[in-house]
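Work through the exercises below with the sequence and the coordinates open. Try each task before reading its solution.

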Amino acid sequence: MKLAVIVGSTRQNRLTLKQAKWVQAEAEKMDDVEVKLLDLQDFPMPFLDEPISPRYNPDRKIDDQVKPWLEAMAEQDAFVFVTPEYNHSIPGVLKNAIDYLTSELNHKPATVVSHGTVGGARATVQLKEILSESRAVVIPQQVAFLGLSEGVDDDGKLSDTLAANPYGPAAALKTALTELKWYSDALAKARNA
Ligand SMILES: Cc1cc2nc3c(=O)[nH]c(=O)nc-3n(C[C@H](O)[C@H](O)[C@H](O)COP(=O)(O)O)c2cc1C
């Protein structure tokens with residue numbers, strides 16, 4: 001499985017980066033998984049202003065600034081979107097990046113890892129809906145993380161207390177990644193058939 005971990009915040013001093021590093025490190029422990037961190041800071045894009053919805057535009061002309069993002073996403077088999085909650089939703093920069101996607105997500109599984117005062121749960125609900133409409137196969141499992149600032153250090157290492165909690169974020173992430181891999185293998189087989 002080629003897995004992209006997407007950093008959904010580009011804010012200065014963002015906490016999402018360390019959450020994404022945590023996800024990346026856990027995914028790298030799995031067999032048969034190649035992980036790439038896709039940081040939206042590295043993919044600066046204008047706000048989408050294409051004349052027709054990208055999915056329905058056979059003559060689509062893609063902005064040169066957007067191409068690296070689409071190419072990076074097209075290479076992947078599965079996605080973990082790591083997002084904070086901004087005003088009960090996802091950051092505009094993440095929504096804009098998703099609005100450019102078409103075939104890159106098609107028939108591929110995706111999950112969400114979020115944080116915020118209620119674990120980013122409201123952002124997750126919205127993001128799952130957005131990803132589903134964007135043709136990803138959104139899996140049921142997700143991770144809503146409370147207490148990220150103290151729970152994970154800047155290198156993405158989870159605190160020992162949280163790591164040991166059988167109902168904590170480590171357990172939730174393990175389940176989500178295991179399920180993602182299951183769907184990824186099944187869907188890759190189906191896409192290739
Ligand atoms: C514009 C903005 C809106 C926010 N709205 C919410 C919110 O609705 N719910 C919440 O739990 N946290 C909210 N927060 C707090 C963020 O979850 C917190 O700052 C988090 O660290 C943001 O992720 P980031 O540091 O990766 O950008 C908001 C933060 C910002 C900057």
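**Exercise 1. Find the bridge partner of F81 in β4, then place β4 among its neighbours.**

Solution.
- Start with the pair. F81 is bridged to V112 of β4. This is a predicted model.
- Widen to the strands. β3 (residues 78-84) and β4 run parallel, joined by six bridges.
- Follow the connection. The chain leaves β3, passes through helix α3 (residues 92-99) and enters β4; this β-α-β crossover is right-handed.
- Turn to β5 (residues 137-138). Two bridges join it to β4, and the two strands run parallel. Here A110 stands opposite V138.
- Add β6 (residues 143-145). Three bridges link it to β4, again with the strands parallel. S114 has A144 of β6 as its bridge partner.

**Exercise 2. Decide how many residues of β4 are buried, and what that says about the strand.**

Solution.
- Apply the cut-off: a residue is buried if 20 or more other C-beta atoms lie within 10 Å of its own.
- Count over residues 109-115. Seven of the seven residues of β4 pass, so the strand is largely enclosed by the rest of the structure.
- Split by face. One side carries P109, T111, V113 and H115. The other carries A110, V112 and S114. Both faces are covered.

**Exercise 3. List the buried residues of α3 and work out how they are arranged around the axis.**

Solution.
- List them. They are L94, A97 and I98.
- Look down the axis of α3. The buried residues fall within an arc of 100°, so they line one face of the helix.
- Recall the helix geometry. An α-helix has 3.6 residues a turn, so residues three or four places apart point the same way.
- Identify the cover. It includes α2 (67-74), β3 and α4 (121-133).

**Exercise 4. Check the length of α1 against its residue count, then trace its place between strands.**

Solution.
- Take the helix, residues 16-28, which has 13 residues.
- Predict the span. At 1.5 Å a residue, 18 Å is expected.
- Compare. The end C-alpha atoms are 18 Å apart, which agrees.
- Note the burial. In α1, the buried residues are T16, K18, Q19, A20, K21, W22, V23, E26 and A27.
- Move to the flanking strands. β1 (2-7) and β2 (residues 34-39) pair in the parallel sense over six bridges. L3 stands opposite V35 of β2.
- Connect them. The path from β1 through α1 to β2 is a right-handed β-α-β crossover.

**Exercise 5. Locate N13 and H107, give the sign of phi for each, and classify their exposure.**

Solution.
- Place N13. It sits in the loop between β1 and α1.
- Read its phi. The value is near 60°, positive in a residue other than glycine.
- Classify N13. There are 6 C-beta neighbours inside 10 Å, so N13 counts as exposed.
- Place H107. It lies in the loop between α3 and β4.
- Read its phi. H107 is not a glycine, yet its phi is positive, about 60°.
- Classify H107. It has 13 C-beta neighbours inside 10 Å, so H107 counts as partly exposed.

**Exercise 6. Place S159, classify its exposure, and give its separation from P91.**

Solution.
- Place S159. It belongs to the loop between α5 (148-151) and α6 (160-164).
- Count neighbours. There are 16 other C-beta atoms within 10 Å, so S159 is partly exposed.
- Take the pair. S159 and P91 are 68 residues apart along the chain, and their C-alpha atoms are separated by 26 Å.

**Exercise 7. Test the protein chain against the compact-globule rule and describe its overall layout.**

Solution.
- Set the expectation. For 193 residues, a compact globule would have a radius of gyration near 16 Å.
- Compare. The protein chain has 16 Å, which agrees.
- Add the extents. The C-alpha trace spans about 55 × 40 × 25 Å along its principal axes.
- Add burial. Of the 193 residues, 40% count as buried.
- Check the contacts. Among those between residues at least 6 apart in sequence, 79% join residues at least 24 apart.
- Count the elements. There are seven helices and six strands.
- Order them. From the N terminus the run is β-α-β-α-β-α-β-α-β-β-α-α-α.

Note on methods
Residues numbered from 1 in each chain as written. Predicted model: local features only at pLDDT ≥ 70, side-chain atom pairs only at ≥ 80, totals over all residues. Helix = DSSP H or I, 4+ residues; strand = E, 2+ residues; numbered from the N terminus. Expected span 1.5 Å × (residues − 1). Buried ≥ 20, exposed ≤ 12 C-beta atoms within 10 Å, placed from the backbone. Rg over C-alpha atoms; globule rule 2.2 N^0.38 Å. Contact = placed C-beta atoms within 7 Å. Pairing = 2+ DSSP bridges. Right-handed = clockwise from strand over helix to strand, strands pointing away. Arc of directions from axis to C-beta.
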